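This briefing covers one sheet and the strands that form it. Please look through the sequence and the structure first.

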Amino acid sequence: MKLKFLALLLAVGALFLSGCGYIPQPWCDLEFSGEFSSAVTESTSDIPYTSEDDSSAEEKPPNGTGTLTVHFIDVGQGDSTFIELPNGETMLIDAGEPLEGDNVVTYILTQGYNTVDHVIATHPHDDHIGGMSDVLNNFNVKHFYFTKAEGSSKVYENMLAAIGENGITADHVTAGDVIVNEDGLSAEVVAPKTLECDNLNDTSVVVKLTYKDNTFLFTGDAEKPEEDGIWTNIKCDVLKVGHHGSSTSTNANFLKKTEPTYAVISAGLFNSYGHPTEKTLNALAQRGIKTFRTDKQGTIILNSDGTEITANKDPVEYGDDIGEETSSAENPGGYVLNTKSKKIHYPDCPSVKTIKDKNMELTDDFNGAVSRGYTPCGSCKPTGGV
Ligand SMILES: [Zn+2]
Ligand SMILES: [Zn+2]
């Protein structure tokens, strides 16, 4: 097993050294399974190598307009952020669940790009790297960055295989690494400092993107321990809220350190985790932070000219949201069915959070559900009249 992994290291290292004049950092002491390492070792033998000359001949899209555009793509319960940098380069942070891969690929193609200069996988959870192999297989990816912590899922294996098969330069990054550093424009990694492998969320690559006077902070799923470990200046204008607005992220100290004007939450409508939580929404509202939500507003696009930030939508009204979460009289419509217990719930019923994804069905048709043998939940008491 170790030998196979060593062979993989040598094969990939040789590829990088010969192909791009790039010297890889050590790939850490991850313990890969024998099955996985052999699969990747085989795949490296026929890597279609793109030479330096070929890649420089690639036409750059006509960006470089001096505008920074950040697209928080609506990928349901997950994260995917596509960034058009003001220097004409592009960046993608995460790629949503596996089924969202096509969506992410189509979105970027629709923006007019077939090259993504910098692709970052914050941490190896499926709702962040699920679509990554689709991205790596469909775009000319110049450089891939990821956390050193190892995933165990099939999609993680697919992601590493796609890196090998496409001969993509890949680097593990930790706090202090710099991805972009130009006059007035920088993308630096501010976490993780150490790898807390008990919780993969706390290994999230956190990126601080600065364009002149404006700063964006992308946190992946960083929770309180990782947030607390960041001591560099992370004051920002826009905070991509950690872990889909979970109560385990965005702690009071972190908000004090970041002081954002805007927050963006990427989450799926009626997700089974109860994200974003009222605790996080409250914390943002109390500080007067204008908040955007992909679950309620779809894809959020923010533009920066280096001094001012504009958005394609208005921030959500927190008061309206409270109404939805606490009063079934203002329920937006729709019901959540538990296909196992055959109960009908309003989406805001606390027991909805305990329904497993595979047992959950959404419907607008109350009477239809009743005729299929479903009965109203005794605590949220849904009726057909809403
Ligand atoms: Zn995660
Ligand atoms: Zn996540």
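In which sense do strand β1 and strand β2 pair, and over how many bridges? Strand β1 (residues 68-72) and strand β2 (residues 81-84) are antiparallel and share four bridges. The model is predicted: local features need pLDDT of at least 70, side-chain atom pairs count only at pLDDT 80 or more, and totals for chains, interfaces and linings use all residues. Residues are numbered from 1 along each chain as its sequence is written, while chains are lettered from A and ligands numbered from 1 in the order in which they are written.

**The sheet**
- Eight strands (DSSP runs of E, at least two residues, numbered from the N terminus) make up an open sheet with mixed pairing, ordered β6-β5-β4-β3-β2-β1-β14-β15.
- The edges are β6 (170-172) and β15 (309-311); each has a single partner strand, so one side of each has no neighbour in the sheet.
- From one strand to the next, the twist averages 20 degrees, with axes fitted to C-alpha atoms and angles running from 0 to 180 degrees between N-to-C directions.

**Pairing of β1**
- Two strands count as paired if DSSP finds at least two bridges between them.
- Thr 81 in β2 is the bridge partner of Phe 72.
- β1 and β14 run antiparallel and are joined by five bridges.
- Opposite Ile 301 in β14 stands His 71.

**β14 and β15**
- The antiparallel pairing of β14 with β15 has three bridges, and Leu 302 stands opposite Ala 311 in β15.
- Four residues lie between the two strands of this hairpin, β14 and β15, and Gly 306 in the turn has a positive phi of about 105 degrees.
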